[in-house]
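Here is a short report on selected local features of one protein model. It covers strand pairing, backbone outliers and contacts between rings.

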Amino acid sequence: PTGGSAAGGASGPNRKFDIIGSNFGSSSIPNSFELFFKSTTDDNDKTALLTQPSSTPSQCDSYDHKKLSGCKFPEGQGTNYVITVKVFGHPTQTFPVDVTNLINYEKPALSSILPTSGGTKGGYTLTISGTNMGVVKPTVTFGGTIVAVADQANGYHDSLTFPVPAGQGDSINIVVTAGGQVSNNIIFKYDAPTISSLSPTSSE
């Protein structure tokens, strides 16, 4: 087979892509076929998208001589991934061949926080909503200091939470880093000081 084209994906499991090329064979003809999505920096980070013969369900909808269609991006994060294709009797092909233009997951994008402000004492929970915040626990900085992100069983793709530390100020930058990719920043504000009473109210 010869190489084709594919684009970067979201960190979640729902995005699909097509691989365009030639001489892939056909899903109607039983043959030995392997399609992997692999990291170039971690040998253990690889996902079989299509293997024949195999009892494992295909992660692609179909394929023919020129196209592998509807292949699911595996859940993941970070950069520097490739797709490898091997058809029986032919050497493994790797795409992209240009190591300066490898496949990347989309970087984290923060859309909102709740609450947007709070008391200087801290201790309450803040929720970040966004996209592509990762499979494993990302690093979150709050005003430049790393905070303790709460554990989540199903990844952090769309939301995450952490306890707000004590502090002050009206322009606290929040940034998420997942798989080495840095998000946009979003602003949290501590409440302004208020005076409720004065004691004593007079002096002698």
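Thr127 has Thr161 as its bridge partner in β13. Ser129 is bridged to Ser159 of β13. Both contacts should be read with one caveat: this is a predicted model. In total, 5 bridges join β10 (residues 125–131) to β13, and the two strands run antiparallel.

**The sheet**

β10 and β13 belong to an open sheet of 3 strands. The order is β8-β10-β13, and the pairing is antiparallel. β8 (109–114) and β13 (159–163) are the edge strands, each pairing on one side only. On average, neighbouring strands of this sheet are turned by 25° against each other, direction ignored.

In a regular strand, side chains alternate between the two faces of the sheet. β13 shows such alternation: Leu160 and Phe162 point to one face and are buried. Ser159, Thr161 and Pro163 point to the other face and are not buried. The bridge partners Ser159 and Thr161 are thus named again on the face that is not buried.

**Backbone outliers**

Two cis peptide bonds come next. The bond from Leu114 to Pro115 is cis, with omega near 0°. Pro115 lies in the loop between β8 and β9 (117–118). Ser199 and Pro200 are also joined by a cis peptide bond, with omega about -5°. Pro200 is found in the segment after β16 (186–190).

Positive phi values also occur outside glycine. Asn80 has phi near 70°. Asn80 is placed in the loop between β5 (67–72) and β6 (81–87). Asn132 has a positive phi of about 60°. Asn132 lies in the loop between β10 and β11 (139–142).

Is Asn132 buried or exposed? Asn132 is buried, because its relative accessible area of 7% is under the 20% cut-off. Asn80, at 29% relative accessibility, counts as partly exposed.

**Aromatic contacts**

How many aromatic pairs does a search of the whole structure find? The search gives 10. A pair of aromatic rings is described by the distance of the centres and the angle of the planes. Two of the pairs involving Phe73 are tabulated here.

| Pair | Centre to centre | Angle between planes | Geometry |
|---|---|---|---|
| Phe17 and Phe73 | 4.5 Å | 45° | tilted |
| Phe37 and Phe73 | 5.5 Å | 85° | edge-to-face |

The pair of Phe17 and Phe73 links distant parts of the chain, 56 residues apart. Phe17 is in strand β1 (residues 16–20), and Phe73 is in the loop between β5 and β6. Phe17 counts as buried at 6% relative accessibility. Phe73 counts as buried at 3%.

Why does the pair of Phe37 and Phe73 tie together parts that are 36 residues apart in sequence? Phe37 lies in strand β2 (residues 33–39), whereas Phe73 lies in the loop between β5 and β6, so the pair ties those parts together. Both Phe37 and Phe73 are buried.

These rings belong to a cluster. Ring pairs link Phe17, Phe37, Phe73, Tyr81 and Tyr105.

One contact between a charge and a ring completes the account. The charged end of Lys46 sits over the ring of Phe36, 5.7 Å from the ring centre.

Key
Residues numbered from 1 in each chain as written. Predicted model: local features only at pLDDT ≥ 70, side-chain atom pairs only at ≥ 80, totals over all residues. Heavy atoms only, no water. Pairing = 2+ DSSP bridges. Helix = DSSP H or I, 4+ residues; strand = E, 2+ residues; numbered from the N terminus. Axes fitted to C-alpha atoms, helices over the stretch in contact; angles between N-to-C directions. Buried < 20%, exposed > 50% of the residue type's maximum accessible area, 1.4 Å probe, protein only. Phe/Tyr/Trp six-rings, centres within 6.5 Å; stacked < 30°, edge-to-face > 60°. Lys NZ or Arg CZ within 6 Å of the ring centre and 35° of its normal.
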